[in-house]
Amino acid sequence: MLNKQEILQTISMIDQQHLDIRTITMGISLRGCTHYDEKECCRRIYDKISSSAEHLVKTGEAIEREFGIPIVNKRISVTPIALVAEACATSDYMPFAAAMDKAAEACGVNFIGGFSALVQKGFTEGDRKLIESIPRALAETSCVCSSVNVATTQAGINMDAVALMGRIIKKTADLTADRGGLGCAKLVVFANAVEDNPFMAGAFHGIGEAECVINVGVSGPGVVCHALQSAKGAPFDEVAEVIKKTAFRITRMGQLVAQEASRRLNVPFGVVDLSLAPTPAVGDSVARILEEMGLEICGTHGTTAALALLNDAVKKGGIMASGHVGGLSGAFIPVSEDEGMIAAANSGILTLDKLEAMTCVCSVGLDMIAVPGDISAETIAAIIADEAAIGVTNHKTTAVRLIPAPGKKVGDMVEFGGLLGSAPVMPVHPASSAEFINRGGRIPAPLNSLRN
Amino acid sequence: MHAIVTVIGKDRVGIIAAVGAMLAQNGVNILDISQTVMEDYFTMIMLVDLEKCQISVAQLASLLEDEGTKLALSIRIQREEIFNAMHRI
């Protein structure tokens, strides 16, 4: 029999410490939807998504109600659209984004990911068309998210794609200038992208995946932070132990919800993504966990070590609690979506360079960072190249989600609202990287032996 | 199916009676009950059996929530599995 403390602990985690399931994401393969006729292809995309995910939201809500655990988002990821649309002769892929958007709306989900292309080694015709369509797709749809993989450890870095994405991010910001460049919040540039990530904006349904799967992303930075308050001044061995235990509990809950959703929807369970995903709410911050470990402000010296410990302990604790772990699994450090990160960036202690260092030891990368609107496409590309190099060399996923805030300067705030939060515009280095980026070509894959 | 009902809030007359009556009306059997009052703060935890419950857990949750609002208490019902998942290997 459960004891009273255990029951009350769970309730307080949910009520006071913002414990929730961040997302149930249904991955849907669209490989069977290809057709040379654009209208027919779009019709198939719409039909496949809307029939597969018809009961997703309702089922998520029922589980939420019965188990008393908030499930914040219900989402859909699909096969990278560049692969699906390529058979059509059309050069504008906007209609495919519109079909995705319409299907997402019909299903009642808040985001659909997969307006994507995988170009780590080179572009196909379809990849180019898709990437050129990204700015309009993100400006003219509301739910569609886009991602482009520009590098892998096996293939190296496609620097032509990196340069192109610098320009695409600029254009996306321009087309959504009336909304603070919001389009860029729905666009991720990856190195070593994973195929089963349930988190937006980078989710897509990889080509090695089954017809349809359920992936669940858990959260809970508030719970970890609260648990650490009981280990004040304790050595790091104990800190790691507390985080592991907490991550185990959070993940067990995620596993339960994933299995229940999979059973009710009659769709196979894919993975639980063990990520600590913050929100702008007070008490739901990854930065505050690092500060709880003894750093005055997140971003000061010691932050990278603290984050490395956190990231590793979350994985160690979570991995035993779930049948299949996947996705990005680690700590997220999106600046605009984390109350503590926003405060640290505002204080000037947390800089872009420190964030880059932090991405070496945690999942994902430079995420939801607002930069001045007059930043050049080459500088954005150079930032992407740096992140990709970190990912490729360290065999990990890295990503860039920058928002060049139109008309804003360093120190201004950009408001995105909701889970996307608000971000202070952070400074970038003024010296030019244009000549470097304009070289183009590919940076060869790194050596995988002689590792010292 | 078992579930846990928790009632948390300021103590007052008739909490157990009100919650118990509502559960009985809907065919919910109370298997175990424990309560404490610390400095006017009331916490009650019930283990209930929903086998003969005539309405869905979601509907029951809404009824209990409404009753809670009336009594200025937080009343919730959650399936037992969530607690077992978190606290038992």
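**Chain B, burial and overall shape**

I began with burial in chain B: 29% of its 89 residues count as buried. Buried here means that 20 or more other C-beta atoms lie within 10 Å of the residue's own, exposed means 12 or fewer, partly exposed is in between, and the C-beta atoms are placed from the backbone.

A note to self on what I am looking at: this is a predicted model, where local features need pLDDT of at least 70, side-chain atom pairs count only at pLDDT 80 or more, and totals for chains, interfaces and linings use all residues. Residues are numbered from 1 along each chain as its sequence is written, and chains are lettered from A and ligands numbered from 1 in the order in which they are written.

Next I looked up the dimensions of chain B. Its C-alpha atoms fill a box of roughly 35 × 30 × 20 Å along the principal axes. The radius of gyration is 13 Å, which agrees with the value near 12 Å for a compact globule of 89 residues. That radius is taken over C-alpha atoms, and the globule rule is 2.2 Å times the number of residues to the power 0.38.

I then counted elements: chain B has three helices and four strands. They are DSSP runs numbered from the N terminus, with helices (H or I) of at least four residues and strands (E) of at least two. Along the sequence I read the pattern β-α-β-β-α-β-α.

Contacts came next, two residues being in contact if their C-beta atoms, placed from the backbone, lie within 7 Å. Among the contacts in chain B between residues at least 6 apart in sequence, 63% join residues at least 24 apart.

**Chain B, helix 1 against helix 2**

How do these two helices of chain B cross? I found that the axes of helix 1 (residues 15–25) and helix 2 of chain B come within 11 Å and cross at roughly 155°. The axes are lines fitted to C-alpha atoms, for helices over the stretch in contact, with angles from 0 to 180 degrees between N-to-C directions. Helix 1 and helix 2 of chain B are therefore roughly antiparallel. On this scale, angles under 35 degrees are roughly parallel, over 145 roughly antiparallel, 65 to 115 roughly perpendicular, and the rest oblique.

The crossing of helix 1 and helix 2 of chain B is right-handed. That means the near helix is turned clockwise from the far one by less than a right angle, while anticlockwise would make it left-handed. From helix 1 of chain B I listed B:Ile15, B:Ala18, B:Val19 and B:Met22, and from helix 2 of chain B I listed B:Leu63, B:Leu64, B:Glu67 and B:Leu71. By class, this helix 1–helix 2 contact of chain B has seven nonpolar residues, no polar ones and one charged. Ala, Val, Leu, Ile, Met, Phe, Trp, Tyr, Cys and Pro count as nonpolar, Asp, Glu, Lys and Arg as charged, and the others, Gly among them, as polar.

**Where chain B meets chain A**

I counted 17 residues from chain B and 17 residues from chain A in the contact. Which element of chain B gives the most to the side that touches chain A? Helix 3 of chain B does, with six residues. On that side of chain B, I sorted the residues into nine nonpolar, five polar and three charged.

**Chain A, helix 6 and helix 7**

In chain A, I saw the axes of helix 6 (residues 125–140) and helix 7 come within 9 Å and cross at roughly 20°. That makes helix 6 of chain A roughly parallel to helix 7 of chain A. Their crossing is right-handed. The contact of helix 6 with helix 7 of chain A has eight nonpolar, one polar and two charged residues.

I also stopped at A:Ala161, which lies in helix 7 (residues 159–175) of chain A. A:Ala161 is buried, with 30 other C-beta atoms within 10 Å. Leaving aside neighbours within four places in sequence, A:Ala161 is in contact with A:Val119, A:Phe123, A:Val148 and A:Val150.

**Chain A, backbone oddities**

Most residues other than glycine have a negative phi, and most peptide bonds are trans. I noted a cis peptide bond joining A:Met200 and A:Ala201, with omega about 10°. A:Ser329 has a positive phi of about 35° and is buried, with 25 other C-beta atoms within 10 Å. A:Met368 has a positive phi near 55° and lies in strand 9 (residues 366–372) of chain A. A:Met368 is buried, with 24 other C-beta atoms within 10 Å.
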